[in-house]
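Here is a walk through one small protein model, from overall layout to metal site. Keep the 3D view open and follow along.

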Amino acid sequence: MEIKNYLESEVLRLTEDLIRKDKDMCQCEKCKADVAAYALNHLQPKYVVSDEGHIFTEVEMSSDQEKAEIISVILEGIKLIKNNPRH
Ligand SMILES: [Zn+2]
């Protein structure tokens with residue numbers, strides 16, 4: 001049994017997407033990871049219990065409003081890392 005933050009995969013996927021669309025943003029793995037970490041630290045985590053990839057806890061799929069919030073936090077992170085890349 002494993003406890004996972006359900007938001008993690010959602011944030012990673014959206015971060016990839018948003019960084020790819022931003023031509024001024026550094027596209028390296030380090031910056032992507034920094035933005036994803038920033039977003040995860042600023043969002044309420046959603047923990048679920050999973051066993052070998054199967055999720056047992058009933059989770060609601062992210063609503064549009066939740067998704068909009070995730071996206072705005074990721075955009076904040078992109079702005080921050082763009083101005084202060086850690087490399
Ligand atoms: Zn970079």
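Before we start clicking on residues, one cut-off: two residues are in contact when they have heavy atoms within 4.5 Å of each other. Bear in mind too that this is a predicted model.

**The core**

With that contact rule, pick V11. Leaving aside residues up to four places away in sequence, V11 touches A36, A39, L40, L43, I70 and I74. V11 also belongs to the largest nonpolar core, which has 17 residues. Along with V11, the members that touch the most others in that core are M25, V35, L43, I70, I74 and I78. Three helices each supply at least two residues of this core: α1 (7-21), α2 (29-42) and α3 (64-83).

**The overall layout**

Zoom out for a moment. The protein chain has 3 helices and 3 strands, and from the N terminus on they run β-α-α-β-β-α. Of its 87 residues, 33% count as buried. Take the contacts with a separation of 6 or more: 77% of them come from residues 24 or more positions apart. One pair to look at is V49 and I3, which sit 46 residues apart in sequence but 4.7 Å apart in space, C-alpha to C-alpha. V49 lies in strand β2, and at 30% relative accessibility it counts as partly exposed.

**Helix α2**

Next, α2. This helix has 14 residues and reaches 20 Å from its first C-alpha to its last, close to the 20 Å expected at 1.5 Å a residue. Which residues of α2 are buried? They are C31, K32, D34, V35, A36, Y38 and A39. The cover over these buried residues includes α1 and α3.

D34 is a charged residue on that buried list, so is it really tucked away? Its relative accessible area is 10%, and buried means under 20%, so D34 counts as buried. Leaving out residues up to four places away in sequence, D34 touches I81 and R86. D34 also has a salt-bridge partner inside its own helix, which brings us to the charges.

**Salt bridges**

The count of salt bridges comes to 9. Here are three of them, with the closest N and O atoms given as a distance.

| Pair | N to O distance |
|---|---|
| R20 and D17 | 4.0 Å |
| D34 and K30 | 4.0 Å |
| E66 and K46 | 3.2 Å |

Two of these pairs stay within one helix. R20 and D17 both lie in α1, 3 residues apart, about one turn of the helix. D34 and K30 both lie in α2, 4 residues apart, again about one turn. The reason that spacing works is general: an α-helix has 3.6 residues a turn, so residues three or four places apart point the same way.

How exposed are the partners? D17 is partly exposed, with a relative accessible area of 30%. K30 is partly exposed as well, at 38%, whereas its partner D34 is buried, at 10%.

Now the pair E66 and K46, whose closest N and O atoms are 3.2 Å apart. E66 lies in helix α3 and K46 in the loop between α2 and β2 (47-51), so this salt bridge ties together parts that are 20 residues apart in sequence. E66 is partly exposed, with a relative accessible area of 28%. Elsewhere, salt bridges that share partners join E16, D17, R20, E29 and K32 into one network.

**The zinc site**

Last stop: the metal. Which protein atoms are donors of the zinc ion? They are C26 (SG), C28 (SG), C31 (SG) and H87 (NE2), lying 2.1 to 2.3 Å from the ion. Along the chain, the donors follow the spacing C-x1-C-x2-C-x55-H. C28 lies in the loop between α1 and α2 and H87 in the segment after α3, so that pair ties together parts that are 59 residues apart in sequence.

Why is the arrangement tetrahedral? The 4 donor atoms around the zinc ion subtend angles of 95 to 119 degrees, and four donors count as tetrahedral if all angles lie between 85 and 135 degrees. As for accessibility, C28 is partly exposed, with a relative accessible area of 27%, while H87 is exposed, at 58%. C31, by contrast, is one of the buried residues of α2.

Conventions: Residues are numbered from 1 along each chain as its sequence is written. This is a predicted model: local features need pLDDT of at least 70, side-chain atom pairs count only at pLDDT 80 or more; totals for chains, interfaces and linings use all residues. Side-chain values use heavy atoms; hydrogens and water are left out. A nonpolar core is a set of buried Ala, Val, Leu, Ile, Met, Phe, Trp, Tyr and Cys residues joined through side-chain atoms within 4.5 Å. Buried means under 20% relative accessible area, exposed over 50%, partly exposed in between (1.4 Å probe, protein chains only). A salt bridge is a side-chain nitrogen of Lys or Arg within 4 Å of a carboxyl oxygen of Asp or Glu. Donors are N, O and S atoms within 2.8 Å of the metal (3.2 Å for Na, K and Ca); water is not among the atoms, so sites may look incomplete. Four donors count as tetrahedral if all angles lie between 85 and 135 degrees; four count as square planar and six as octahedral if opposite donors are over 155 degrees apart and all others between 65 and 115; anything else is irregular. The expected span of a helix is 1.5 Å times one less than its number of residues.
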